[in-house]
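Open your viewer and get ready to click along. We'll go stop by stop, picking a selection and looking at what is there.

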Amino acid sequence: MKMLVLPPTEAERRLRDRCVGANPVQTIEGLAELCRAEAAALGKCLRRVLADRVCALLRPVGGIPTERALDVIRRLEEQGDLLAGPGGYVAAAPLRAIHAGPGHHLLLGGIDSVALGAALGVAISPSVLRRLRSEPAEDAALAGAVADLGGRVLSIEAWAGLDRTPPADAAWLATLEERLHDPIESIAAAEAVLAPAVGDLEHYIAGEHRWRCLSAASGSPLLRARQPFGWFAYAWVASGSTAPQLREALRLGRDEARRTQFALDAAAGQPHRLRFEGTGTAARLHIEAPLPYAEYRFLLGFAERSGWEGLPIRYSLPAVDVPRVSACLAQRLGVRIDHLSTETP
Amino acid sequence: MGTEVQIPGQTGAFAQVIAAFLERELDPAGLVAALPALQAQRNLFLGRFGAEYLAELSGAELLGLLPLTTSDESLCAWLRQRRTPDFDTGLFGDIGDAGPEEFGLWLDEASGAWLAAGPAGPRQLDEDEAITITLALRDELVAAVGALRPLSALRPEQLDPIAVQRAVAAAAPRLAGSAWLHKYLHLHHPDRVTSAATAAELDAHLRRLGLPPGKRGLYERDVRIIQFWCQLPPLQRLPPRLRYRPGEPPLASRLEAALQQAGLLERDGRPDPLELPVYSLQAMAASLLAGQWGAAAPAAPVEALGTVRVALPIRRRPERLFVARISGESMDDGRSGLCDGAFAVFSLDVGPLARSPIVLVRGSFHEPEEAGYALKRYVEERNGTGAVRRVRLQSLNPNRGSYPDIVLEGELDAIQVVAELIHVLPPAQGPNSRDVSSGAAIERIERRLAQIAARFFAAPAEAARPGDGTAWEAGLVLRDGQLTLVAGPLAGLPGFARELEIAAGPEHLRVLAANLRAQRYAIPVLPSTAEYTWSAPGFEEELAEDLRALRVPGLPGQRATAFRVGAGGVGHLLRGDTLSAGQQYALLVPPVLLNETLTDAVPLGGGWRLYPCELPRPTPEEQRRQLARLGLTVTSASLAVAWALFAPRGYREGRGGERYPCFLPGDEPVLCVDRDDAAGTVVLFVHGPGGVQRRTIAPEERFIALTDLVVGSYFLEIIPEDGAMEIAHLPFAVLPEAPPAPRYEATLLLGQERLTIVGSSAWEGDLTGLGEDLSISLSAPPLWPITARWRGARAIRAGHVHADLHGEVDLAPIMAATRPERQRRRVGDLLLDLGELGQLVLRHRRPADESVLGDALETLLNQRGSLLAQAAGQLDPLRGAWLDPLCEVLGYATRDLRPGDGPVPPAGVGALLLDAPVFRNEGWSLRPAACLIIVPVGSDLRAQGQESPRSYGLRLCQKHGLRRAVLTDGLRWALLSPDLKFLPQWQLDRALHQRNSGELEGFLATFLAEAQP
């Protein structure tokens, strides 16, 4: 063993090298890299502990606020590099190579890019939070290398869950009606299904893409009520002449509710609009509502979320992938696609 | 069995140990027996100096009676030094170090003048001034006694410590802090004032009781001490004035030993360290042959280098003490500790030289114009008349050839005895004092590092077992924001101990003993001031002795407890209350500090809060003040060492639960060393597979990369020369290969069958005893989410769980949620949805068993037979008690007809719909299967006609699109179907009583729900 004194510049250079050339103090790519590596080392840990550890590693070279590390960790959870558990725990996710097209793979998991690149024999190109591998050939070899790292190659549909979830269409609404009358389900009055509600029950106003109080308007059979800790509970109510809160209702999960919103809007003839803006080889997608989970993950296979606060939600993606993405979203969610070209003639 | 002591707050653990100590050590009869003699001496004192008597005296009389003079009969002389058979002042506390200036007035023996203490030092007084002062002093003594007098009527718990302190301070503003008044008041009010002399002694006493040091004054401390002792049951029979005696010398040392043995006091703990100045002078412990002073004797001016906190084993006046470093080896006899480089405490008050003390002497030893210092034993040799004939400055080193004595004869004026050696500091306690460079020191450090590393990295196989010379261990750490008790491996824990119980105050929790036998195990616990004790339920007595080693002291209840957050985010308990700038801590704040506003503090229950605290360098004054309010201090000097820049490959845990990073060969982990300039030399020692390596870190060297690492365990220490700074240690390991990454796979073990969950798959079998007779376990990537749903006669969201750190999934909630359906129903599906990993459907199929079904029906008949006799043929009374459970046994769920949901029934006839589970679209749903027509008792089931039940049943089936109706009065059952011309009929009670007749077989074959496995 030797002890080698490093000048600060050399220390920073080594830091960048370990973070695929990105300085984690200055870039999200670098910080994400460090978060993945520390999460992989720690195993299961509190999100806050992981953020503190990352901050501690960077303190000698200027440091970052803990909130910034927490923000990146949450994004990695949403993307699938980290797994989030109850009580604020996070853990490195196993490696998955998501096959999104010939030779095109999205690499997910807690393994750091240096180790991953060495194992796969290719350079990993970080694109903000996402890590991509684009090699036109040798997909078979990739499967073996990924398996050696404990991972698996998955199709984008399987990873996203498109093969396990129904599209948001009339059939989906019919299913809800069927479930509502299936004695196997736990059916009760809507106000009981949504208890303990905090504040008024709200209708979803199909076609207007918004929620309004029951007392203020008549709306779709989709209801929601805020719960004591701030989240919403959702229900699908039976049709009838009595007050909606007294009608029989089926409890829905958040993802089911989102899917229902898209289906109701489409059924009302006012589907959500997705706007693609093309700028040469790149495109930007604007979405006015959160997507159901499966479609959201499908989108992540091609696009990078670029706006994180408020609506519309913005994504950037290669223009070449726009047709596939827009076709999928239109088919599954019934959305209307607007294509805008921002290229100057 | 020890005495049960119920004392709230953080002193509970101490109280338990002290109560046990008292039972062993206390001789109440002896104490009481000695009381009359003690009281006689006290009476003698009060007769001469009592407040009532002093109040009557004139100024001139007081001047001769109170201050120190040449007479041994003054008040001060009695208080400080009188040790005669009639009055031994030592029995009432030792204030031998109290100076006359603390009293404020004294007679200078040499000049015969009265002196008074002043801001600029003693000043000479004429007699009138002296009388004025002595009157004022008298007034304070008398007023202070008067202030305490009303308190004698109160019980100890009624006393307000702060009010008592204020009362004394108001009565005696000048003397309130002095040992003179304290002892004077003790002699008047021994039940309210202890015999301790100084705040330091009282704080030491408080520390022995687990109480925080005082901050107000002597009397506030007294009251708290007395209140503590007066609560202890073993002392209730003693007069109050004797109750606190066990906490004072001579019993105090044995009590401390007991507390140390119980782990409540640190073994090297000393009461209240003094803040002593460190001087630049080096006490030369060197000699030259022929007794000449060494040429290296220092002659530089003496400078104060700073201060150091020192815990002294003996009481001395702190203002007369200082610390200096020893240079040379002439006083090193292997036992004295006076070795080269050691630091020692000296007192400027030199006692009688006839005792041959070890002293610091100053003299012109080398050059006439230059003075140096030497440390020697001062031995006087006297002639026949008693005059000093010769002085021998004696070396302790037995190597007389190298270190001869220095003999001074007739030249005694050439030297000056400057100070007397009081105490040699242990190596770690020296200020600016750590020897990190001498060969001996390096050898010592390397040896110590090897021992620490061996212990830290000890494998579980080498774990301690009771009786093998080492003890089981347990300790508190902070992990993932929770206070956690870490214990184990408990090798040798008998197999009959299935569970271990941990108690801390009212909290009791149990853990499986198997979890602790072979591994270290972490158990989240609530913070408590009470000791964490262990027992083995059912085997309390057998294992009490072994489990005693696992006891962990409770947390302080009056101040925050600091945990230093190390690598891996684990917080390690700090024994002391001193924090270092540049470090990250988590503070456990007790409920008593509830009023302290702490941003981002997390409640932990019971009023305790967890407060993350990062101390920047330098630490802002406001943060220091806040920490002071929490009972913590921040050292001014600091050294922060941490891993920087790169994440390790993994973490492991040392024996104490400390998490350490692991790297791979080829990794070059980087340390960052941040320190104050005052840190002096800082040396990095690394104990690894190749032995110990060290490197001195220059102030400008901040990043240290460790390169060319080979596989093995390493223990790294950064040792600052400045003894006031903490030594930093960082264990780490280099692994032969990277720890395994989480695998993208999930496996279900079902009995002996192993199912890999990939895509959508299914398994079919009898799930009745799932999780019981049929074992089930599921492994998945750590934290992987799993959703479980049951779909059969009911749809149940059976749970949303996550795999744990090791990838094991706790399926107990899912088993519990589905158990009733699995046991009641013969069919149903349990879906385990692992998202992208796959879905597994466990199809529950239990074959119909005539014997089991018959038993269930017979049991029902036996239970409800009497009801049936009365209510047969009536829907409402039969519904809940008979029809519903019977239909459930047959596999149906009953459902009411809605108003208008069919033809009007004939008089006395009722109807229900029977739903049965139907497997459709890859899942179960309940579908209407038949109508159930309840007919009056005695009516003919086969009767025909418009108003017959049979006709009604057919019309009802037609209305609901069904092809089966069941006619019954409860006991008679008939199947009605448009397809059947004949109406088969069964008598259920007969079928059950005559099982061999074949009637039950026919009944079940006809009426069991259509869904057959």
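How many residues does the contact take from chain B and from chain A? Select both chains: the contact takes 66 residues from chain B and 59 residues from chain A, where contact means heavy atoms within 4.5 Å.

Before moving on, some ground rules. This is a predicted model, in which local features need pLDDT of at least 70 and side-chain atom pairs count only at pLDDT 80 or more, while totals for chains, interfaces and linings use all residues. Residues are numbered from 1 along each chain as its sequence is written, chains are lettered from A and ligands numbered from 1 in the order in which they are written, and side-chain values use heavy atoms, with hydrogens and water left out.

**Stop one: the interface**

Stay with the two chains. Together, chain B and chain A bury about 5300 Å², with 56% of it on carbon and sulfur atoms; buried area is the accessible area (1.4 Å probe) that two parts lose on being put together, summed over both. Now pick L645(B), Y744(B) and E836(B): in chain B they lose the most area to chain A, together 14% of what that side buries.

Keep E836(B) and add R297(A). These two form a salt bridge, with their closest N and O atoms 2.6 Å apart. The rule (a side-chain nitrogen of Lys or Arg within 4 Å of a carboxyl oxygen of Asp or Glu) finds 6 salt bridges across this interface.

Next, select residues 703–707 of chain B. This is strand β34, which gives the most to the side of chain B that touches chain A, with 5 residues. Strands (E, at least two residues) and helices (H or I, at least four) are DSSP runs, numbered from the N terminus. Add residues 2–6 of chain A, and you have strand β1, which pairs with β34(B) in the antiparallel sense over 5 bridges; two strands pair if DSSP finds at least two bridges between them. Zoom in on V5(A), and I704(B) of β34(B) stands opposite.

**Stop two: a covered strand in chain B**

Go to residues 343–347 of chain B, strand β9. Are its residues buried or exposed? Here 5 of its 5 residues are buried, which is to say under 20% relative accessible area (exposed is over 50%, partly exposed in between; 1.4 Å probe, protein chains only). In a regular strand the side chains alternate between the two faces of the sheet. In β9(B), F343(B), V345(B) and S347(B) are on one side and A344(B) and F346(B) on the other, all buried.

Show residues 321–327 of chain B too: strand β8 pairs antiparallel with β9(B) over 5 bridges, and V323(B) stands opposite V345(B). Then add strand β14 (residues 415–424) of chain B, joined to β9(B) by 4 bridges and running antiparallel. There V424(B) is the bridge partner of A344(B).

**Stop three: two buried charged side chains**

Click K183(B), in helix α9 (residues 179–188) of chain B. K183(B) counts as buried, at 2% relative accessibility. A polar atom of its side chain lies 2.8 Å from the backbone oxygen of L79(B), and one lies 2.5 Å from the backbone oxygen of G93(B).

Finish at R224(A) in strand β13 (residues 222–226) of chain A. R224(A) is buried, with a relative accessible area of 14%. Show E202(A) as well: a polar contact of 2.6 Å joins the two side chains. Polar contact means a pair of N or O atoms within 3.5 Å; within protein, one must be able to donate a hydrogen and the other to accept it, and residues adjacent in sequence count only if both atoms are side-chain atoms.
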